[in-house]
Amino acid sequence: MKRIAILCVGNDCPGLNAAIRAVVVKSAEVGIEVLGVKDGFEGLMKDELDVLTKANVSGILHRGGTILGTSLFIPENEDQIKTVQRKVEQYSITSLLILGGRLGARAALGLAKNNVASVLVPATIDNDLAFSDFSIGFFTAVENVKNALDVLHSTAESHHRVMIVETMGRPGGWIATVGGLTGGADYIVSSVEAFDPTDLLKKIRTRYEGHKRFSIIVVESGVKLPDDFYRNLDLSPETPAAQAIGTFIERSFREFGVEWRYTNLGYLQRGGSPVSMDRLIATLMATRAVEMIRAAKVYHAVGMRGLTVTEAPYSETMLNVRSVEEHLRLLVKLFY
């Protein structure tokens, strides 16, 4: 009997449970046994794995996070890789099924070089993997950003404030761009485009002079700003970009008495029940991954092109960053 060991690698995201459920249900149909590995590769190294049945995954579709747990550890040195090889042999594992983003891709590539079979299913809210249009968790993260901006609009307008909202997603820019667009942001600062302070001031000034005395500015976490931007504000280069931009806006608009407030959405973007699209793509890709392992088509990543599931052989290009497309970057500027 073929046996799959499924594990989550890297940060969690909404939709992982939908993928786990799909793997177990599909595997049961085709006669494959599934081992659920707790806490990613850490759990595999510690023999923390159990057989998963349909009963184990009943009622988990709507739940955020992952019932298996996850960790940021991946096997990279010789001893760690040999341990994984022993565990795969010990448990007669036909293939690992890795749910993860860039860290999962690194692990899959490293193990492939040592003949440890796996199939990678993209799961990251960042949506920045080169081989797939969409990754599990992205749609829910964007929905969470959109909902937060909807809430902040009313208080920003009431107090005539500039709201600086920090999102995750660096360096691909997907969460900031799509979340900002769908949430009605008035300006977006992301790592995919150079920051133009003059342009930002122009947009805010136009709003205030047009009697729209508030603005919602989305800033991607970790975005790099020019060194002279910090020097001109007498701020440390270690100051988070969102806070530096808020200080810059306040000092530039003293005549309007502009106040700014800062909200870091942080892990709110990762949590909550997965939206329909994340459940759908998780189910589509996870069931395809099972079919691939059944057909001995390992050392491949599954992905999405539109709503069509694709397969890509492992290569170093898997680690390339897929930045938000230019047509979307141009579209958001239409609404500034």
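Leaving aside its neighbours within four places in sequence, which residues is Leu152 in contact with? Select Leu152 and you should find Met163, Val165, Ile216 and Thr263, where contact means heavy atoms within 4.5 Å. Before going further, a word on what is loaded. This is a predicted model, in which local features need pLDDT of at least 70 and side-chain atom pairs count only at pLDDT 80 or more, while totals for chains, interfaces and linings use all residues. Residues are numbered from 1 along each chain as its sequence is written, and side-chain values use heavy atoms, with hydrogens and water left out.

**Stop 1: Leu152**

Stay on Leu152 and colour helix H6 (residues 138-159), which holds this leucine. Helices here are DSSP runs of H or I with at least four residues, strands are runs of E with at least two, and both are numbered from the N terminus. Leu152 is buried, with a relative accessible area of 13%. The cut-offs are under 20% relative accessible area for buried, over 50% for exposed and partly exposed in between, with a 1.4 Å probe and protein chains only. Now draw a distance from Leu152 to Glu325: C-alpha to C-alpha they are 27 Å apart in space, and 173 residues apart in sequence.

**Stop 2: zoom out**

Switch to cartoon for the whole protein. You have twelve helices and eleven strands to look at. The radius of gyration is 22 Å, close to the 20 Å that the globule rule gives for 336 residues, so the protein is as compact as a globular protein of that length. That radius is taken over C-alpha atoms, and the rule is 2.2 Å times the number of residues to the power 0.38. Along the principal axes, the C-alpha trace spans about 75 × 40 × 30 Å.

If you like contact maps, take the contacts between residues at least 6 apart in sequence: 73% of them join residues at least 24 apart. Of the 336 residues, 52% count as buried. Turn on the surface and you are looking at about 14,600 Å² of accessible area, 49% of it belonging to carbon and sulfur atoms. Areas come from the Shrake-Rupley method with a 1.4 Å probe, and for residues only the protein chains shown count as cover.

**Stop 3: Gln269**

Next, pick Gln269, in the loop between strand E9 (259-264) and helix H11 (276-294). Buried or exposed? At 0% relative accessibility, Gln269 counts as buried. Show what surrounds this side chain: leaving aside neighbours within four places in sequence, Gln269 is in contact with Ile125, Ala141, Asn144, Val145, Glu166, Thr167, Met168 and Ile175.

**Stop 4: backbone oddities**

Most residues other than glycine have a negative phi, and most peptide bonds are trans. Keep that in mind for three selections. Start with Arg170 and Pro171, which are joined by a cis peptide bond with omega of about 5°. Pro171 sits in the loop between strand E6 (161-167) and helix H7 (174-182).

Then go to His160, in the loop between H6 and E6. Its phi is near 55°, a positive value in a residue other than glycine, and at 32% relative accessibility His160 counts as partly exposed. Finish with His211, in the loop between H8 and strand E8 (215-220). Here phi is near 70°, again positive in a residue other than glycine, and His211 counts as exposed at 71% relative accessibility.

**Stop 5: Ser190**

Select Ser190, in the loop between strand E7 (187-189) and helix H8 (197-209). Ser190 is buried at a relative accessible area of 7%. Leaving aside neighbours within four places in sequence, its contacts are Gly173, Ala176, Thr177, Glu220 and Val223.

**Stop 6: the cysteines**

How many disulfides does a search of the whole structure find? Zero, taking a disulfide as a pair of cysteine sulfur atoms within 2.5 Å. Try Cys8: the closest cysteine sulfur, in Cys13, is 8.0 Å away, too far for a bond. Cys8 is buried at 1% relative accessibility, and Cys13 is buried at 0%.

**Last stop: a nonpolar patch**

Finally, show Leu331, Leu334 and Phe335 as a surface. They form a nonpolar patch with about 320 Å² of accessible area together. Patches are made of residues with over 30% relative accessible area and no salt bridge, with like charges joined within 9 Å and nonpolar side chains (Val, Leu, Ile, Met, Phe, Trp, Tyr) within 5 Å. A salt bridge means a side-chain nitrogen of Lys or Arg within 4 Å of a carboxyl oxygen of Asp or Glu. Phe335 lies in the segment after helix H12 (326-334) and counts as exposed, at 53% relative accessibility.
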